[in-house]
Structure formats: structure tokens, C-alpha cells
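Let's take a walk through this model, one selection at a time. Keep your viewer open and follow along.

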Amino acid sequence: MRMHRDMIRKYTRKLTQGAGASAPDPMSDLSRFDLDILGVQRAAEADGNTDWLRLSLDALITDPTGRINIFAGQGYPFSDAQLVELFTYAFHKIWPDAMLSEPGNELVMEFERMTDEEWADQIDSSM
Amino acid sequence: MARNPDALSKYPKIQEWAAKFYEVKAWQMSNTPPDPAESDPLAGRRVTARSEIDKIALGKTLLSGSRRAFASAKAALARKVATISDAATFDEVDGEIAKLAVDVAAQTEIASARIISEQSMQQVQAKFDSVRKSLDEGGYVYLQAKLSDVMALHREAESKSDYDTAQDGAAAFIMKAAQAEAFGDFYSKWRQDTLAFTEMAVPDVQKATALGNRSTCKAAANAETRQGKFTEAQAELVKFAKQAPIVEADFQDARPYFAKVKEFENEHRVTFSVVASSDVKDANKLKRGYKAARKLGDVDHKYVEAIAAIDVLLLFVTANYDLAVEINKYDKMMLRNEPYRNAKRDAEARIKAGDPAGAAQLLRDFAEDAGNTAAIDACNIRVSERALSREYDALSAILTGTEKSALDDAWTDLGAARSQNPPDYATAKPHYDKIVDMTNLSEIISLMAEIRPVRGKYPAADGYGFLNSYQTSRSAGRFAEALQHLKPVVPKVKALAGYLDVLAFANQVLSKLPGGSALAAGLTTEITQAEVKARGGNPDGAQTDLDAVLTGTDYAELAEQQRDYEIRYDALKKRQNRALRLMIINEAKTPLVTALTSIRSLGSSGAYDEALLQMHAHGHRIEEALAYAAAHKQAKMVIDALKRAVAQDPTREAVIFAGGPSKSDLESDYGKAEAKAKSGDYDQARADFDALILVSKTMIDACAQAYEDADAVGSNAGHSLKRHGDHVSDDALILRLKDGSAPGGGHSPTSASSKFKSRADWLAGREAAAEMAMQAGIDINETELDPGNQPTPHDYEIDHGKPIDEAFVGVSKQAKFDPNTGEFGTTEYYDTYEKMSDLTRSYVLFVWEYEKIDGATPEDNADYISKYTAKNGAAPAKIAGRWVMMQQYPVAEGWDDELKAYVK
């Protein structure tokens, strides 16, 4: 499905440009990101987007090649592997009981630039 | 890529004619043209003049503003020719016609040159984009400067000769970029190969020497590429292998092996993983085989043997991939099924016999055999949890009403039947089938999203009946069938968008024609016929027919005017909305809103010529309004920031307000400037607000520093000014990208190193974020929180409405080689970077900093309560701490430096 790239980026930015990412060596201790992750969770809950965030992180973690770096943000120069590590950590913090998909079983997602109105059309199931 | 320029602003001749036709129209005209049959001594001249006007062709290459100005001038002159009655005025009009013909010809020539130049610029940009990531720092800097020069030639061109010069520049750029590309290819391989060879084949005691030589060669090459000398640069790189401790012959032997490893990682890693994780015979040996091959190369330096070993593995992967894909559809339980076991065994025999296509086909034949359906269904049901759960999650989040409950019920029932021991396949089957059928809804919803904008904009679209069959099937819960009905009609509904646009446009043109005229009757007939065709299922054809009518001679001028007006009005309204969003007082918005409403009235009444000129003037007014709005916002934020600083710590007042105007003077000046904005005098208001910032400079500097210093106390915060302040040099910004050295000290790698143009912008950004936080319920002045209120970081993006910054953005990272894993990678530092300027947004992050307890900083509220309780023997009533600004920097992400706008 087509996913609202900037909507997801609004949440991942809290990770990649947040308090944890401000540390001199952010990947050395991922617990520094815990409050950022709580902020992500609260923001997604407030917006009613937790399902989309979960499915998006799952898709990015399972199939990161060529696209996860779109969510690197501006700041610490995360590598693809570091983003996978960070997003995986966040995924399990927010949804401790959820399993990540096995490769090939993730939802096929294309992260595209779209307006909020276009996204509303994407998830409108009316006839 | 640059947008099309506005013809009225760019070309003086067009501005002249736009004004001229207005003038021409204003000439005194007789209300009653002379009777040509009896008393018109100028009849012959009229025919000739009219013919000369008709000869002036307005080609499609002209910019719409040029076409409109010329078309209106032609129409005005034609009206004048029809009505003037004295020879002297006729001489004057003939002169105007001749001048118009000359100017149109010249402008047409310019337009053709502009289009060719524009195409060249697209090629230039594409070439740069394809080359940029492979270059070294010098090459990147050199080529980016050349690109910028060529783009400027095109952007600033006005005459044909200017555009020709730009095109010549583009051709020269492409040639130079080709040299750069050849160098880039060499350099990309060189930097990886030299690093890998040094790490793997050079003894530890000599590594430092080799790496030093490598840096020297790189620096020498960089000095050459900075001047565009790519051949000389390559010669410098070649020197690396000719110096001890490198043995050149060994290095050259190793390079094909490095290339093979890279090819494997880039091109075969995915297919390798598919086969390696499959149940294909001997696939479990693949990973061990690859490890052994890498050891041959990385450790034993037997490069030829290592390449051969990797090739053998790749042959196995290629031969088995299709079969692995088929086998991966089943779980291990299928091995208890005899027909499956036989099919798999036969397929493996086919692989051995060199027939991989036949092998995969055997598995497909097995799947299509009706006798195996029950076993395959059972397998599908067993794996449905992992195979379908994400699709179910997504659908369940989207669906509503009966469809959602049907899906959720089927999923629950399937899970229950699957969980039986043994699984109850008979009960599970209808639920599984139902879910599989409902997964068609994913594609249905996606297709409906494509046509929803058409249906939203034109509610009449549904009345064309294209969706009826699809809706019937979906209502009946037959989703595969619904999808089959929907697919072929989606293009038709999309085509309706174009048709209905043209239909609405035709009706607008019709409304401007005199009622009862032959033209009106003709257009009405054409519209009726087009409707019949569209309703018959051919909206594309109907659109083509109506387009042909509207671009035909009878309606072309009116249609062109209407279309041009609508495009310009929409663009103007968009720019005005941005200005209105930035304005912080409603009174300042009124003059803009009133003027645009007046322009809309002109357009609605068909007065397109007047509307065109007024829109041109209004565009300038919007620019003034934008500049004012940005200055007003900055002044307000700065004054609020000064007040907040004093409110947080009253001792700051004496420091901050020493040497500048008093608070009351500032507020008085602010009020006067605001009054000018309310009266619509944007330019003067902007000048006054700018002046206010200027006289407050020492206060702004002191206030910004006070915030920075306070944030830094016992915290990782308080480094924004040091790293992004206006005092930071370009070299310091670049150094941070190259080795992580942060301006002002410390190590902090970044992907974009940026700085503010002024402390006023920095202070305004901080305060704007603080006020946005307040609107979201976060008071950054707070120093204690309720224990149940766990704070999280809060981030904001501020639109300053004006350029605030310049930045260097990392492009390609430095290479690294891990000798332990044998993998190539990148460091967190950059080899090349791109300069950007005039960014307009900043990013601000506020973080709650806990008060330390016995020298330790609590991690969260629970930790604070625990530490506090351990120390005091009782839980705290409040959580002590403060909000600090952890980050503030200009936003470079998504910035297009050519357009000077955010595009992502």
C-alpha cells in the first residue's frame, strides 16, 4: 500500500533528531532514546496512528534497503544498519508483545510523498 | 530545476506591451464604425492593416504571459483599425502594428532559445546528479560551482544570445562532467580497494605508513580535482600502489577479488539469502561456502581461488532460485505429503540434470493439481498467521462497519480452528477463503483512492454509472469479482477528471458569450454532443472533442484568456495564503484579501486584461507582505524572548538591557510599526521592524548568550549557538562533516552542518518554539512537574518566512572496511558535501532536564522518585528540573537550493 511518508517521518524524527540522538555517541546506549520513544508513542496514539506506525516500522526494519535512509533525518549521520537497530529497539519498546515479520511477510509498503488529504483517501474504505 | 519565469517580470518588452494594450484600448474610439460601402476612404487601409495583424502568429513556445499580452494588444489594435476615421491616427496604428510584429518575432525567437536552453539545463542537472556521489571533495566542489554558473547564465538570460551562451555553457559542463564521471568511477573503486588491501594484506606495523600514503595521494588528487584536472588527479591516486609498503603486483591481483565481493553484496545478496534459507537440497551449505570463499581471499590472499569459489556458489544460486521460491511457499509439514515429496525429489533431479526451469515447473504443476488442493489448503492455513497477519492488520485498521466485522470475525474463527490440536482444517477453510477474498480490498481501496479526488471534486462523476457493477459485487461481499469490475473502469473515471475539467471550463466560456448569439448556440451544441459521448463510456473522446472546439478559431482567444487567468489566479492565491499564514495580526491581512477579492471579481466578469495587470501588481505586493510578515514575526518573537529571559531570571534584566533601548521604548516602537502594518504600509512596517532589531542587537546577543549559558549548566544542552551561531566559519562547518569536530569543541558527527545568519533569527526561533509548546500545554518556564506527568522531549519546526541560514549538507560518506567481517561500509563522516543557502526553517527540541540527586541525573520520573525516596526517606511531592533547549538548527532536509524552497 502507499504510505504517507511525511506522517511517519514526523514520528521517526523524534527518534533520529531527539534527545538520544543529541548524545555524542548515540548508538552506544540505546536506553538514551527511551523518553524519545515514549514521545513517539504518545504522539502516534494522540493522532490515532499507532497501527500505521507499527506496520511502517515493521516494513522498514524487515526490508530496509534503499529506503530506510529516507527516515534518517538531519543530525547524527545514522547508517542504514544503525537505523534498523534503533527502529527495532523502538518497536519492541512500544509493542513488547509484537513480533517483527519474517522477511517477505512484511506488508508491502511504498513510502510516498502525499498530502494529508491524499492519505485520507488511501485509508477511506467507503464504496 | 527552475520554474518557468513570469514573462511580465522578466522581459521588459512584455511589460511594455501589457501596458500598451491598455493604452491602445483607451484611445478614443468611435462608437459607430463608418459604413464601408458608401463613405469609407480608409477601407483599403483597414483591410491591409487587419491582414497585417492576422499575420502576427503567437506560437505556443511563448510564455503564457507573453501570449496574453500580445493577444490582447492584437485584439485592441484590431478594434482600433475597425473604428478610426482619420489618416493621421491610422499612420500611428500602422506603426504600432509593425512594432508589434517585430516584437513578437523577437520574443518568439527568445522563447525558442529559452526552451532549448531549459532542456540543456535539465541535462546538466541530470548529469550532475548521476556523477555527484562518486566524486571526491575537490571534484564535487568544482563541478557544483560549474553547475551553479551555468544555471545562473540560464536564469539571468533575457535575449536569444544570452540563452545561446547558457546553452554553450551547458555543453561545456556536460563534457567536463564526463571527465569527472570517468574519474569518479576510478576513485570509487580506488578508495575501497586501497582501504581493503591495506587492512587485509599490509602487515600491522606498516599499516600506518600505507594509510598515510593513501591520505597524501587523496589530498594531492583533491587539489587537482578542485581545479577540474581529473586526469592529473587520477595520476596522483595511481601513485599509492607504487610506494612501499604496497607491492603493486599484489594490489592489482587483489582488485578483481574486491570487485567480485562488491558484485556479490550489491547484486546477489538477496537471491543468495532466498536460496540459502530454503529447503532446496544442499542449500544449507551455501553460508558456510561463502564464508570459506571469503577466508581464501581475505586471509589467505588466494584471490583467484576465492573468485572461483564465489562463482561456484553463484552458479548454484542461479540454478536453484526459481525452485527455492516455489519451495518456500510451503512449511516443513508438507514433507509428510507424498506427492509433494515426490515433486520436490523430481525437481531436484531436474536441477542436477541442468534443467532449473523444468524443476520449478514441477512444483507449479504440483500446486495446480486438484488432487493436492486439500494438502495445500491445509499448509496455507498453517502458515496464515505469519503470511497474512500484516495484511489483516492493515485492512482491519482501514475497514469500517460490516466489512470490518466480517474480516475480524473470520480472522478470529480462523485462528481458533488453526489452534486446535490437530488443526481443524475443515472449519478453518471457509474463514481462510473469506479472508483471502477480502484481501482483494487492499487493491480495491488503493484503486478507489486514485479516483476519489475526481469524485470529490465532481460529485456528478458517479452519475456516469461507471462504478455500478463494482458496487453491486462489493455490496454482495464478492470482493475478487468487485476488483475485476473495478480495474477496467478506473482509467475511465480518471479520464472523467480531464473531461469534467474541460466541461466546466467550456461552461465558463459559454457564460461569457452573449446570450442567443451564434457562438453561444454552437458551443451549447458541442457541449451536448460531448456529454453524450462521455456518458457512452468515452470521456477521453469527449474531452478531445471539446478541447478541439475551445482551441479552434471561434473560441480560442476567450478560452486562452480564461485559462491563463485561472492559472495565474490560483498561483497568486497560493502565495498570498503563505503570506497570510505568516502574518500575526488580522488587520494586516485585510488589504491583501480585499485586493485579491477585487481581482477575482474582474476575472469572474470576464475583464481578463485588467485582471492580468492587477495580478502582476498584486504579486509585488505579496512579496512586500511576505517580507513584512517575516520581520514582524521576528520582532515579536525577539521581544517576547527578552521578556521571557527576564521573567525566568530577573537578575538578567540589568545585563540584557544595558546599552540598548528600554523595554518601554521597544514596545512603543513595536506598536508604531504595527500600526503601519495595519494600514497596509507593508514596506514601511518592515523597515521599522528591521530597525527595531538593529537597535536591539546588543540586547539580542546578551539574551541569546544568557539562554545558551543557562541551558548548558550541568547538561548536554547549551551548544546551539556554539555550533550554529552566526560567528561560525564555513571551514568549521565543513570540518564537522569531515571528522565530527563540532564548532566550539566536542565531537558530534552530523549529516548537515548549518549556521544562523543572525542571533535575532536564533532567538526568534527559540521563542517561537517556546510559544508553540505553550499552545500544546507545555510551559517551558516550569521548574517542577507532578510525579504522574512523565515529560517527553518536544520538537518543533519553525517557518521564519525568510532566509535565516546557510548550510553544508553531507553527500557521500567516507569509506571503511571491517577486516573482521570483510565488509565494506561507511563511517559517520563525509568525503563530499553540498553548500546550501537561504534556508527558511529551523528545528527546535526542548527536553526536560531532571535536577540532579547526589550528583546523578535521573533518567525518568520513576528513577527520580526512586533516587529521591532513597535519599529523603519519602516520595517527592513534585519532580524538580527545567526545560532546556537541546537542539536548534536550520533545517536543510528537503531543501532545493536551485528553487530556494522546501520540496520534500
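Select both chains of this predicted model and look at where they meet: about 4000 Å² is buried between chain B and chain A, with carbon and sulfur atoms giving 47% of that area. Within chain B, the residues that lose the most area to chain A are B:Arg390, B:Arg452 and B:Glu893, and together they make up 18% of what that side buries. Show those three as sticks before moving on. To see the whole interface, select the contacting residues: 51 in chain B and 45 in chain A.

**Next stop: chain A**

Hide chain B and color chain A by secondary structure. You should find 5 helices and 2 strands, and a trace along the sequence gives the pattern β-α-α-α-α-β-α. How far does the C-alpha trace of chain A span along its principal axes? It covers about 50 × 30 × 30 Å. The radius of gyration of chain A is 14 Å, which agrees with the value near 14 Å for a compact globule of 127 residues.

Now color chain A by burial. Of its 127 residues, 57% are buried. If you draw the contacts between residues at least 6 apart in sequence, 73% of them join residues at least 24 apart. Switch to a surface view, and the accessible surface of chain A comes to about 5100 Å², 50% of it belonging to carbon and sulfur atoms. For the charges, select the 12 positive and 22 negative side chains of chain A; the centres of these two sets lie 6 Å apart.

**Then: chain B as a whole**

Bring chain B back and hide chain A. Here there are 33 helices and 11 strands. Why is chain B described as more spread out than a compact globule? Its radius of gyration is 37 Å, whereas the globule rule gives 29 Å for 904 residues, so chain B is well over that value. Along the principal axes, its C-alpha trace spans about 105 × 85 × 70 Å.

The views you used for chain A work here too. Buried residues account for 48% of the 904 in chain B. Among contacts between residues at least 6 apart in sequence, 74% link residues at least 24 apart. Chain B exposes about 41000 Å², and carbon and sulfur atoms supply 53% of that. Its 113 positive and 134 negative charges have mean positions 2 Å apart.

**Zoom in: B:Asp564**

Select helix α23 of chain B, residues 556-582, and center on B:Asp564 within it. Is B:Asp564 buried or exposed? With a relative accessible area of 5%, B:Asp564 is buried, because the cut-off for burial is under 20%. Leaving aside residues up to four places away in sequence, B:Asp564 touches B:Ser64, B:Gly65, B:Arg68 and B:Leu612. Show these as sticks to see what surrounds the aspartate.

**Last stop: B:Leu642**

Move to helix α25 of chain B, residues 608-648, where you will find B:Leu642. At 2% relative accessibility, B:Leu642 counts as buried. Which residues does B:Leu642 touch, apart from those up to four places away in sequence? Select B:Ile656, B:Phe657, B:Leu666, B:Met699 and B:Cys703 to see them. Finish with a distance label between the C-alpha atoms of B:Leu642 and B:Ala702: they are 60 residues apart along the chain, and the separation is 9.6 Å.

Conventions: Residues are numbered from 1 along each chain as its sequence is written. Chains are lettered from A and ligands numbered from 1 in the order in which they are written. This is a predicted model: local features need pLDDT of at least 70, side-chain atom pairs count only at pLDDT 80 or more; totals for chains, interfaces and linings use all residues. Side-chain values use heavy atoms; hydrogens and water are left out. Helices (H or I, at least four residues) and strands (E, at least two) are DSSP runs, numbered from the N terminus. The radius of gyration is taken over C-alpha atoms; the globule rule is 2.2 Å times the number of residues to the power 0.38. Buried means under 20% relative accessible area, exposed over 50%, partly exposed in between (1.4 Å probe, protein chains only). Contact means heavy atoms within 4.5 Å. Accessible areas come from the Shrake-Rupley method with a 1.4 Å probe; for residues, only the protein chains shown count as cover. Lys and Arg count as positive and Asp and Glu as negative; His and the chain ends are not counted. The place of a charge is taken as NZ of Lys, CZ of Arg, CG of Asp or CD of Glu. Buried area is the accessible area (1.4 Å probe) that two parts lose on being put together, summed over both.
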